[in-house]
Each structure stands twice: as C-alpha cells, then as structure tokens.
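Welcome! Open your viewer, get the selection tool ready, and let us take a walk through this model together.

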Amino acid sequence: MIKVSAPGKIHFLGEHTVVYGKPALLAAVDLRVTTTVIPAKAGIHTNNDLRKIIEPIIKKYLKIKTIPPYNVEISSQIPIGAGLGSSAAVSAAYIGTLLCFLKIKWDLNLINKLTYEAEKVFHGNPSGGDNTTVVYGGLISYIKGGPIEPLPFSISPKLSKNFVLINTGKPVETTRQMVEMVAVHKDKFKKIFDEQEKLVSELLPAIETGNEKGFIRIIQEGEKNLERIGVVSPYVKAIIRKIEKAGGAAKICGAGGKTKATGILLAYHHNKKVLEKIAKFYILPYFSTSLGVEGLKLH
Ligand code: PMV
C-alpha cells in the first residue's frame, strides 16, 4: 500500500498576472488530499475520471504501454473548484503514489513536471503556480517558466494567526473561462499588471516582518486591481468592502468569478472574530488553517 498526500494552495497575490509572466506569491494550506494505491489482482481495476487523465501522462513519460492493476482511494479535505488548488493537489498526490507503485525514485521535480501536464488537461494554459506550490509546499514566489523558489522564511506569526478563509461557493465560471476572459483585454490591462507586480514585490517583506499596516494596504490594492480586470463579482465585492470598512482586508484567491460566487476569500483582520461575524452575516462557511505547510508527502 502506498500513501501520498498533498496540500491545497492560496494565492497571496499575483493570480492572473502570473499568466503574463509576472510573479505570484502563493502558500500551501493545511487542507490535504490523500491518495492510496493498493496493488490489485489482475482484472480488479477500479475506474475513475482522474485515472483517465493521469495514466496517459505517466505512460507517455515512462514510455510504457500498461500499468499493473491497482486500486486507488482518494480522500480530500479541499473544496473542489474554490481556488484552493484541488485539481493540482489531487493530481500531484495521485502521480506521486503511481510513480512509487511503479518503483520510480521519489523526485519532486518529476512529480511537479507531470502534475503540470495534468493541470493543462484541467485548465488549458495554466501558469504552473498551483502545482509548484502543492508539490514543494511552504511559501512560493512563482514566475512562469522561471526557477522554483521556495522562500526561506515563513509568514510572520504576527500575521499568520489572523487569517480566515471564507468560502463564497463554487463559481459558475471555470478557471479556464476566467483566464480566457482576461486574455481578451490583456493589452488594455498592462498598467494594472505592472502595478500588481509592484505590489507582489512589496508583499514579500511585509509577510516576512509582520508589517500589518503594509500587508493590509497591499491586499486591499491588489484586490482592487483584480476587480479592475473583471474577475470579482458584485456580490463578492460587497463582502470585501464590508471587511475593509471593519479595518481588515480580503481578496479572491485564484481565478475568481464574475456572476456570483468566487470561491475562497483570503481574509485578514487583527481580530478574527470580526471576519467570522461578517461570514455569518452572509451565511457563508469559514475556517482557519495553517499557511505555508509542507508540500507533497510520502507517508
Ligand atoms: O483558480 P485557481 O485556484 O486554479 O487559480 C488560477 C490562477 C490563475 O492565475 C488565474 C491561473 C494560473 O494558471 O495561474
């Protein structure tokens, strides 16, 4: 029996602009998906949709025609389609278990590369930020096609205790659709993309040193830029304005949505109760979880 788990991810900032070569800052979150592969007798070969995506990628890479029979069990704490990287996490964990099952040496670079191939099937033209974060874990400063940079520091404890993730629900739009929507106007958005790049670079020192005032300002301005490119629905904008009015900051996390739900909101306030009260007012589920946790793990 082989068991591998992977965390989910949040975008601190830089989603969408990362598609155009700008840096993004992501963190692994402590909601995990676990896959277990159990060798099976010939003929017992359970089927699922994920298998149809992952197996061809592995076969192509290893240049093999068949994979010995096995059963796979998948359990996940990550809400699907909420901007928490569920597709990257489940693909990475599944690929990790299958490679072990095939007696391939544990190699995060390889698992990351193959997970990126799976992400392409899910999302079309992904930046690769999600798979990199769930595989390596911690805090990741990500540039498309650039070297992988797990950051050598963690989130200041002054900030890390004050986050609440509020689930606004699964957007009707897919990540692929949201990315395509932004692409239509990308030339018009150049100035906004540049501003977002500057904010991402300012965010790093704020997170490391625990500069709360700076952090709140950066998240608020970063969220405004996401709104300008049209990836935040009016419903979610109203929730975010309420959080800002109460002295906090919040932003969508990932592709967003323009109709109503936008997935998870990353919300911050020095008094988390304020955020919980706002989530309750909108009758939305919320939770707190550790950020910057371990990446892919062989159990
Ligand atoms: O919706 P998610 O959690 O898969 O995040 C997508 C992030 C984007 O920057 C919009 C796309 C990408 O591939 O990086």
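The tour goes from the ligand to a helix, then to a strand, and ends among aromatic rings.

**Before setting off.** This is a predicted model, in which local features need pLDDT of at least 70 and side-chain atom pairs count only at pLDDT 80 or more, while totals for chains, interfaces and linings use all residues. Residues are numbered from 1 along each chain as its sequence is written, and side-chain values use heavy atoms, with hydrogens and water left out.

**Stop 1: the ligand.** Select the ligand and show its surroundings: 14 residues surround it, each with a heavy atom within 4 Å. The closest are Lys 9, His 16, Ser 127, Asp 130 and Thr 175. Now look for polar contacts, which are pairs of N or O atoms within 3.5 Å; within protein, one must be able to donate a hydrogen and the other to accept it, and residues adjacent in sequence count only if both atoms are side-chain atoms. Ser 127 places a polar side-chain atom 2.5 Å from an oxygen atom of the ligand. Asp 130 does so at 3.0 Å, and Ala 255 has a backbone N or O atom 3.0 Å from a ligand oxygen atom. Taken alone, the ligand exposes 380 Å², of which the protein buries 93%; these areas come from the Shrake-Rupley method with a 1.4 Å probe, and for residues only the protein chains shown count as cover.

**Stop 2: helix α4.** Asp 130 also belongs to the buried residues of α4, so select residues 129-136 next. Helices (H or I, at least four residues) and strands (E, at least two) are DSSP runs, numbered from the N terminus. Is α4 mostly covered or mostly open? Eight of its eight residues are buried, meaning under 20% relative accessible area, with exposed over 50% and partly exposed in between (1.4 Å probe, protein chains only). The cover includes β1, β2 (24-39), α2 (86-101) and α3 (108-123). Just after the helix, Gly 137 takes a positive phi of about 75 degrees.

For a view from α3, pick Asn 112, which is buried at 7% relative accessible area. Leaving out residues up to four places away in sequence, Asn 112 touches Asn 131, Thr 132, Val 135, Tyr 136 and Ile 148; contact means heavy atoms within 4.5 Å.

**Stop 3: strand β1.** Select Ala 6 in β1 (residues 2-13). Ala 6 is buried, with a relative accessible area of 0%. Beyond its neighbours within four places in sequence, its contacts include Leu 31, Ile 78, Val 134 and Leu 296. Measure to Thr 34 too: the two C-alpha atoms are 6.6 Å apart, although 28 residues separate them along the chain.

**Stop 4: the rings.** The whole structure holds ten aromatic pairs. Rings of Phe, Tyr and Trp (its six-membered ring) pair if their centres lie within 6.5 Å; planes under 30 degrees apart are stacked, over 60 edge-to-face and the rest tilted. Why is the pair of Tyr 235 and Tyr 282 edge-to-face? Because their planes stand at 85 degrees, with the centres 6.3 Å apart. Tyr 235 is in helix α9 (residues 234-245), and Tyr 282 is in the loop between α10 (272-281) and β9 (286-287), 47 residues apart. Tyr 282 also pairs edge-to-face with Phe 281, at 5.1 Å centre to centre.

Finally, display two lysines: Lys 260 lies over the face of Tyr 235, 4.5 Å from the ring centre, and Lys 242 over that of Phe 281, at 4.3 Å. Such a charge has NZ of Lys or CZ of Arg within 6 Å of the ring centre and within 35 degrees of the ring normal.
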